Each structure stands twice: as C-alpha cells, then as structure tokens.
Amino acid sequence: MKSLFEQKNIRMICTNYPGSEFVTGGIHNSFTNEDRNSYMKSLMEQLNLQKVNRLVIMGHSRGGENALQLTSLLSDDTTWPLVGAVMINSPGFAPHKGISKRIGTINFIISLIKRHNTAINWILHPILHWFYNNIIGLRVSHGKVAAAAILPMQTFAFDQQKLSIDDIRQKPRIRVFYGYGSRDFLIDEHQSEEVAMYFSKEDHFIISNKEDSEKSKVAMRRSFISGKKFVTANFTEEGHFLQKTYPDYIVEVVDSMFDSDTG
C-alpha cells in the first residue's frame, strides 16, 4: 500500500514486534497486549509522531486489536493527533478456528518456547517453520519468527475488545474502520460479523467485486465526513489478506478519515 498512500501524500510507517523479522531484540517481552502496546507507543514517541498533523493507527490480523487498544489508550491524551483506527481481518470476541482447534498444541509449543533453551530451539524452530508455512499457511522466513508469532496467540483480548470499542464510542474525534473477508481461513465470518455489528448496524457495506468496492468508497467517505464514527465492510469473496486484494480501498479509508477530521 506504500505507493498508493504516497499518491495521496500520506506517510505510511510499518513495523513488526521484537523477535519478528526486521526488528532486532528477543521475544521475552513482545507477546502480551500490554507489552506490544507499550512497544508501539515508545516507537511512535521516538518518531515524534505527536507532531504530525493527523494520525491513524492500523493493524492486520493479530495486530488489529492492538491498533484498537492503542487508539483507545492514546486518545485520552490530547497531545496525540489521533483521528482513527483501521482493523483489517482482525479477530472476533471469541477464539477463532485458527487457534481453537489447536489450542492444546499451541499451549504445549508455547511452554517449550518460553524455556529459551538452545537445544530445544535447535529442534523446535525448524518444526515451527514447516508448521507455519505448510499447515497454517502463513509465510515466515524462519522458525525464530514463527516462535515470536505463536506467543501472542495465548494473549488475545477477544471479548475485552468491547471495552476499547465502548471507550472509543465516547471519543468524538476518533473514527474506526473494520474490514473482513467472508472466506478468511482463520476467522469465521459470523465472528467477524459480530464485531462489525457491535461497532454499528449502520454503515455496513457488502462488497463482492470491484464495482461494489467503488460504490462503497463513495458511501464510506460520505459516512465519515458526515460525522459517523464507525464503518465496517464484508468483502464476501476475499480471505485473510485484504491489504493485498483491496489495498486501494484501505488507502481510501485512511484518506477519508483525514478529510473528515475537524479537530
């Protein structure tokens, strides 16, 4: 999405968490929501993002609930120029099929990871690399990254996300977009729909093709500019990676949030 954002003069900053690829550091303090949110807040402070004109926090999948929580947290401080949060293929209010069917295995693997034992890691990391790429279907570069990605599976907020949504509901400046795919192989459609309806039963768009998307862009922008706080969308033919299949739509969402801000 970087080039698409640049066309609208929007700066996009991407990061992973400690222990993941491109970010140095260990995995000891990067798997609880408190740790993850603290890390992101510190990074944003180092980048002086309190001095930008407007700011939207965006997260995909496991990062979606962190985007929601961090927006709720930082919006209490008026020095942050926050105008919204974007959640893409984010989890629902209950364990989804990506982890519920494997929770015993996940807990066992996490117990091994937390030992931080060199001999165990020598055996475990290649297995995790194979498991992530061939069974789960998520691409990771090596087993250490897979280990860092598995740890946060034990610390989802799930139903607690409602507290963040309720808090943001009271923040007039903040907008939220929640987008999901009906064919997401990790999260059932009914779980995503439950989240969408909790945000609002209004301003919910059903998008089955590019034509629907173009019509929805206009309506979505109109909703935000008219003062609506929450917009949600179900991409009926899409899966877990909306940022790859509909990047232009997500860029339009962020741009609409900026244009709708009058704070």
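Start with the whole chain selected: for its 263 residues, a compact globule would have a radius of gyration near 18 Å, and the chain agrees at 18 Å (taken over C-alpha atoms, with the globule rule being 2.2 Å times the number of residues to the power 0.38). This is a predicted model, where local features need pLDDT of at least 70, side-chain atom pairs count only at pLDDT 80 or more, and totals for chains, interfaces and linings use all residues. Residues are numbered from 1 along each chain as its sequence is written, and side-chain values use heavy atoms, leaving out hydrogens and water.

Switch to the C-alpha trace, and it spans about 60 × 40 × 35 Å along its principal axes. Now show cartoons: you'll get 12 helices and 5 strands (DSSP runs, H or I of at least four residues for helices, E of at least two for strands, numbered from the N terminus).

Next, colour by burial. Buried residues are 52% of the 263, buried being under 20% relative accessible area with a 1.4 Å probe, protein chains only.

Then pick helix H10, residues 210–225, and zoom in on Ser-216 there. Ser-216 has a relative accessible area of just 4%, so this residue counts as buried. Display what surrounds Ser-216: leaving aside residues up to four places away in sequence, Phe-205, Ile-207 and Tyr-249 touch it (contact is heavy atoms within 4.5 Å).

Last stop, Tyr-249: its side chain makes a polar contact of 2.5 Å with that of Ser-216 (a pair of N or O atoms within 3.5 Å; within protein, one must be able to donate a hydrogen and the other to accept it, and residues adjacent in sequence count only if both atoms are side-chain atoms).

Note on methods:
Buried < 20%, exposed > 50% of the residue type's maximum accessible area, 1.4 Å probe, protein only.
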